Amino acid sequence: MSNFGVSDWMKKGIAVGYGRISDNDQDKTDLGQKDAKKKPIIKKQEAFINRRLKENKLPEVKKENWFAEVGSGTNRNRG
């Protein structure tokens with residue numbers, strides 16, 4: 001039988017996070033901000049993920065392990 005949920009090995013791992021919005025129209029609060037990690041909606045994503053990790057007693061994503069971009073998920077040539 002399979003176990004679902006948090007496993008012990010996950011507590012020893014290094015969390016890596018990825019946030020993305022499809023285009024700047026999704027976050028009109030700061031259109032001038034070019035760094036995706038600094039966009040308010042991406043910061044909300046990061047906070048949500050870290051909160052859920054903490055609730056499950058898992059390591060949070062450190063700043064250096066957080067990646068973000070503004071780009072359509074259907075555009076295979078983004079980069």
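Here is a walk through the structure above, from its overall layout to its salt bridges, core and surface. Please keep in mind that this is a predicted model.

Let us start with the overall layout. The protein chain folds into 2 helices and 2 strands, and read from the N terminus these elements follow the order α-β-α-β. The chain has 79 residues, of which 20% count as buried. Its exposed surface comes to about 6400 Å², with carbon and sulfur atoms supplying 51% of that area. If you look at contacts between residues at least 6 apart in sequence, 64% of them join residues at least 24 apart.

Next come the charged pairs. How many salt bridges does a search of the whole structure find? The search finds 3.

Beginning at the N-terminal side, the side chains of D8 and K11 meet in a salt bridge, with an N to O distance of 4.0 Å. Both residues belong to helix 1, which covers residues 8-11, and they sit 3 residues apart, or about one turn of the helix. D8 has 57% relative accessibility and so counts as exposed, since the cut-off for that class is over 50%. K11, with a relative accessible area of 43%, is partly exposed.

A second bridge brings together the side chains of K63 and E46, at 3.2 Å from N to O. This pair links distant parts of the chain: E46 lies in helix 2 (40-55), K63 lies in the loop between that helix and strand 2 (66-70), and 17 residues separate them in sequence. Are the two partners buried or exposed? K63 is exposed, at a relative accessible area of 59%, whereas E46 counts as buried because its relative accessibility is 8%, under the 20% cut-off.

The remaining bridge joins the side chains of R52 and E55, with 3.1 Å between N and O. Here both partners lie in helix 2, 3 residues apart, which is about one turn of the helix. R52 counts as partly exposed, at 42% relative accessibility.

While we are in helix 2, N50 deserves a look, as that helix is where N50 is placed. N50 has a relative accessibility of 9% and therefore counts as buried, being under 20%. Leaving out residues up to four places away in sequence, N50 touches E60 and V61.

V61 also takes us to the interior, being one of the residues of the largest nonpolar core. Which residues make up this core? There are 7 of them: A15, I21, I42, L53, L58, V61 and W66. In soluble globular proteins, nonpolar side chains tend to be buried together. L58 gives a good view of the surroundings of this core: apart from its neighbours within four places in sequence, L58 is in contact with V6, M10, K11 and L53. Among these contacts, L53 is itself a core residue, while K11 is the residue whose side chain meets D8 in a salt bridge.

Finally, let us turn to the outside. I14, V16, Y18 and F67 form a nonpolar patch on the surface, and together they have about 470 Å² of accessible area. One of these residues, I14, is found in the loop between helix 1 and strand 1 (17-21). I14 has a relative accessible area of 71%, over the 50% cut-off, and so it is exposed.

Key:
Residues numbered from 1 in each chain as written. Predicted model: local features only at pLDDT ≥ 70, side-chain atom pairs only at ≥ 80, totals over all residues. Heavy atoms only, no water. Helix = DSSP H or I, 4+ residues; strand = E, 2+ residues; numbered from the N terminus. Buried < 20%, exposed > 50% of the residue type's maximum accessible area, 1.4 Å probe, protein only. Contact = heavy atoms within 4.5 Å. Areas by Shrake-Rupley, 256 points an atom, 1.4 Å probe, with all protein chains shown as cover. Patch = residues over 30% accessible without salt bridge, like charges linked within 9 Å, V, L, I, M, F, W, Y side chains within 5 Å. Core = buried A, V, L, I, M, F, W, Y, C linked by side-chain atoms within 4.5 Å.
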